[in-house]
Amino acid sequence: MALSSSVKGTLTNHKDLIHDVSYNYYGDRLATCSSDQHVKVWEKDSNEDWVCKNTWKAHQASIWRVVWAHPEFGNVLATCSFDRTAIVWEELVSVSASGEIHNQFVSKHTFVDSRTSVSDVKFAPKNLGMLLATCSNDGIVRIYEAPDVMNLTQWNILIEIGVKMSCSSISWCSAMRLQPIIAVGCDDPGSSPSGKVILYEFSDGMRKCTKIDSIPSITEPVQDLCFAPNIGRSVNLLAIATKDVAIVQLKSQGKSQSTTRFDQKIVGQFTDHKQTVWRLCWNITGTTLASTGDDGCVRLWKSNYLGTWSCCGVLKGDGSLIKSQTSGEPVGLLSAPSASKYATS
Amino acid sequence: MGSLSQVRGCWYCWSLLKLFVIKKVTNMNKFVTEKVPTASKTFSIDVKAEITCMAANKEFSLVACVGRQVFKVFGIEDDHFTERHNLRPAHRSTLSYVAVDIVWSPRDENILASAASNGHVVFWDLNKPMKQKQDHVSPLHERAASGISFHSTESLLLSGGKDGMCKIFDTRKREVAYTFPSVSVHDVQWWPNQCFIFAAATENGSIQIWDYRNPASHVFEFTAHNGPVFTIDFHPDEKNKLASGGRDKLIKVWSLPQSVMTGQHSKIQTHGIQTIAPLAKVRWRPKRSNQIASIVNSFDLGVNVWELTRPSIPFATFTEHSDVVTSIIWKDAHEFISGGKDSKLVMHSFKDAMRLSEKANPIAISLDKDVELALALNDRLLLSSSQYSAGVKGASNPSMSHPSASGGAGNKVMTLFRTGLSKPDKREEFIKDKISSLYFFQPANQEFNANHFKYCANNYVLYGRPFEEMCQHNSEIAGHCKKVQVMKHWLLLKTMFNSVFDAQSHTFLPPNLSNPRPITVEVPPVRVEVNGAAADTKLIHGNFSNQENGDITSGVSGDEDYDDNFQSNSATQTANHDFFFEDNEIDGFELDLDEKDDEYFEDEQDFDLPTESFIPPHDLTDAGHPQSSLAYHSHRIPFYAENHYLRDKLSEQRSPEKISVIPAAFDIPLWDSVSAVISLLHSYAEDGDVQTAVSMHIVLGNKIKSQIDEELLENWMTAYLDLLEMFKLWCVSNTIITKCSLKNIQQLNQASTTIYTVCASCQKPLLTEKCGWYCKKCQKITSLCSICHTPVKGIYVCCQGCAHGGHISHMKDWFKSNTQCPTGCGHECEWT
């Protein structure tokens, strides 16, 4: 289980901290956003190196997040910033007279409803259409809809949810068999008896969001949270970054009074980062979780066949390896050596 | 003091190191040596009315707060404010009381001056014995006054007004000494230590520098902002440093010439800070060359302190106010007072500031589909992660912290880094913290391997070949990807479903029997044939006969007609019994399964290889395995557990009289193969391997039809299609869509395939017509080929000049030999 890695360092030319990086759907483009109020879009050149193709001043303050929409809607980005706005950008490609292809990201719509810093912005799963959820430090989650996906300058606000705590992150659950779920993480320093992660059920038809649950065991301020891609599973995994990395399993218990009930179970809670964990990311099948924190390390987590999550590798920022898991299997029901063959396919 | 010098020592080392490493060190030791008052505290008072401007006396013991409804002087104590004077009697409210700016005389601590919105400048004397403290009113401006400023040494008051005048008022003579014709002025300030010079911020975006000895014209003027300049502030210590803020939401810092007398009026903009709203005030933080506080007109309810070298993120933010802050006054570097529209007067302590830089994540990641990991990382964290590793090493090796003990120069550096990082207040490292780099990793041991996924997606054969062949092929494909488990399961599928109900390999079966559903009692004779045929194929078929018999047993228990059939059936079975465990069959098992499983089968063999055809039922039930073994199987390989369960169930169901007629097929393991396979697919999907689940489902096709909840299956299909699209495997994706049995999925590639046509002559959409090339309104076919005169249903080529055209092949042929339009319109069409 050796963890080998090849590192390519890239100078970004961002004048300040980069707060978010985001691959597009196909993984062939990358967007970064920074406190220097600029967004950059990167593409791979012929040498497989990432080169910056577009850079523009997008906001008037630090940009916290950048996300890509599903390519079905075009090359669309959304950003959110400390300047209280979120903006939807669309790539316009023009061919000049000399045949040069020129592309440019144009601001399509600026969401100015928030009175405070907008801390997160996320597009809904594509089957819901062009929906965008934002959350802000004043504790309000807003969901917008572009009724005409061909015209992204028109957005209507669908729902405003008052969370009553400063929100830091938001995540859509993409499970198709359920009503869409929105998880909201709060970074409010105060104590909250019901926990800092709240789950809302979004009913598309009724145009409303109903609070269905919260995760009481998460009491530390939440920096980030992320639903694993569902891809056909019956359970949903929600990763939460506080001072620790927590993985919560949500299992639908069927409907009661028109809302889905969930059976929640913490399947993993890890203090390995020892400091604030800032960002989480799942791979596309929802089998590996990557987390980063103030310790400057990337940790990769995955579960074994018993559903036990454990760290499978630690990468230092410059790519050198600090630790990789060498012990093959955790002690469990399988002790016979022959059995482990099944576990490690 | 000793510890302090130690700290400083470390600091010098640290700084030197940093000089080499980062080449950017501002005089950091300054911060360490400066004494930070520990007693300072944040406190506030509610003045019950909006505050628009404030002034504090020189000693900072009194502060005057003025607003529309309030004109009070408060005393500043250690941890609270006390009301000293109320300058606004309740019964009097002339406009003179509504100040837009107020200043405290620097020379007489009882004298205040306020600029009123009616253009008057009002003087107040706190020493007056009566309640009425208003001393003198001087109507300086025709329109609202906007800013006033006392001269630091002389008894001169500078005032700027919206009427486009700057005036200097002599407070002793009580008359206007000088008048300066300007444009509408928003703010005025004396240039410190240049006693004749002042600056004025104007409506048209320029800053004017005046010498009051020459009221005729300004010394020089420069355009500072795009739009009005609302505020200016000279740095209290660095005399030629001027900050300005305007409606364009920018704070700009200017380096002015050392002396305006020399005639060289060069000014340089040294810094610019973008804020989120038009500026209301900018005020330098005392004793800091590079820090400035700003408040804005709207939106932002806090006071931001900026570090000029890091203009993108506020160094410190104070969020005590719940409405726009209108005024700030620095006491010293660590305390300041602010007042706002929320009626609050707040004394801020710098240590209670909110540091946005601490809330801003210095690190970010993203994973792409190929499991490439992009990491944006602040350089400081790179150091701290090496520190982390050093710390780990140091923990295991205590001598590490002692450089001489560990010896190596590298270790020494490491130690310095650690002490260097741990000692200084991290907050003062604000400036250095701002550089991020981007890294890309390809972590190797991923659960999900993109190349394997692509290889499997491209190479799995899902249709068009005999079942066994497909399984065998796919198993090899999985084997190439080192997916041992998937490989084995493909082989298992091949073995389990290979023949009995496969209509293709058993054409002699009636067509209705190709259905994998259990055969019903209505056709018992055929059932015998089935079993016989199965036996002839020499492969393990226990599963199917079991299933059938199981169903029959439960379905027709007590049916007398039935026993005969069972008898004959069992006879056939007995006759064929030897086939089941021919050597090659056992080999087949060994090939497919693990040692552990072989054990299992050996057990089965021990008891399943009787020479007689009848088995006592209790043997069957007792032949189970120890619980541990069961537990193991149920965890990883659902078949066997299911199998056990089913067999136990079957043996329970059997009535004792029927023992004798139980066919020999029960001798071999009983597999409810369909449900076992279903649970296999489920387990793959739950493990995130939807590719295997979907591929197996398609290959199995009818064999497990409608055994999986359609909604769930659709979910799997959509998930797999989504993954395929992510990898741009459009062909595979289309194959899956066409081969999928679900209607919802099949519809996917038929969506948005309609071409809508419009009548060329009347623009009527032909959408509603039965055919897309006939316009009812015009009564004609819309797109006729000029050559064959039939409607063109595919690509219509037309000349841009005469608009005539037709089938592309016809036009091509025509223009091979002609240059003119085929319709005879005479146009020389150009064919390219």
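The exercises below work through a predicted model of two chains, A and B, each with a task and a stepwise solution.

Residues are numbered from 1 along each chain as its sequence is written, while chains are lettered from A and ligands numbered from 1 in the order in which they are written. Because the model is predicted, local features need pLDDT of at least 70 and side-chain atom pairs count only at pLDDT 80 or more, whereas totals for chains, interfaces and linings use all residues, and side-chain values use heavy atoms, with hydrogens and water left out.

**Exercise 1. The two chains in outline**

Task: Describe the secondary structure, burial and exposed area of chain A and of chain B.

Solution. Begin with the secondary structure, in which helices (H or I, at least four residues) and strands (E, at least two) are DSSP runs numbered from the N terminus. Chain A has one helix and 26 strands, and chain B has 23 helices and 35 strands.

Next, take burial, where buried means under 20% relative accessible area, exposed over 50%, and partly exposed in between (1.4 Å probe, protein chains only). Of the 345 residues in chain A, 60% are buried; for the 832 residues in chain B the share is 52%.

Finally, consider the accessible area, computed by the Shrake-Rupley method with a 1.4 Å probe. Chain A exposes about 13200 Å², 49% of which is supplied by carbon and sulfur atoms, and chain B exposes about 37300 Å², with 52% from those atoms.

**Exercise 2. A hairpin and a buried lysine**

Task: Establish how S18(B) and S19(B) pair, and then describe the surroundings of B:Lys241.

Solution. First, the pairing, which requires that DSSP finds at least two bridges between two strands: S18(B) and S19(B) are antiparallel over five bridges, and a hairpin of six residues joins them. One pair in this arrangement is B:Thr231 with B:Gly245, its bridge partner in S19(B).

Second, the setting of the strands: five of the six residues of S18 (residues 229-234) of chain B are buried, so this strand is largely enclosed by the rest of the structure.

Third, the lysine itself: B:Lys241 belongs to strand S19 (residues 241-246) of chain B, and it counts as buried because its relative accessibility is 12%. Its side chain reaches the backbone oxygen of B:Ser289 at 2.7 Å. When neighbours within four places in sequence are set aside, its contacts (heavy atoms within 4.5 Å) include B:Asp233, B:Phe234, B:Trp254, B:Trp284 and B:Leu308.

Fourth, the record: an unreviewed UniProt entry lists "repeat: WD" at residues 138-179 and 222-256 of chain B, in the numbering used here, with feature names shortened and annotations that may be inferred rather than shown by experiment. The span 222-256 of chain B is 0% helix and 57% strand, and its end C-alpha atoms lie 11 Å apart.

**Exercise 3. An open sheet**

Task: Which strands stand at the edges of the sheet S10-S11-S12-S13 (chain B)?

Solution. Start from the order: four strands of chain B form an open sheet, S10-S11-S12-S13, with antiparallel pairing. Strand S10 (145-150) and strand S13 (175-181) of chain B are at the edges, each with a single partner strand, so one side of each has no neighbour in the sheet. The twist averages 20 degrees from one strand to the next, with axes fitted as lines to C-alpha atoms and angles running from 0 to 180 degrees between N-to-C directions.

Then look at one pair within the sheet: strand S12 (residues 165-170) of chain B is joined to S13(B) by six bridges in the antiparallel sense, and B:Asp170 stands opposite B:Glu175 in S13(B).

**Exercise 4. A covered helix**

Task: How many residues of helix H19 (residues 690-700) of chain B are buried, and which helices do they pack against?

Solution. Count first: eleven of the eleven residues of H19(B) are buried, and the helix is mostly covered. The buried residues include B:Val690, B:Met696, B:His697 and B:Leu700.

Identify the partners next: these residues pack against helices of chain B, namely H7 (450-459), H8 (467-480), H9 (484-496), H18 (673-686), H20 (710-726) and H21 (730-739).

Close with the end of the helix: just after H19(B), B:Gly701 takes a positive phi of about 50 degrees.

Terms used. Polar contact = N/O pair within 3.5 Å; in protein donor to acceptor, adjacent residues only side chain to side chain.
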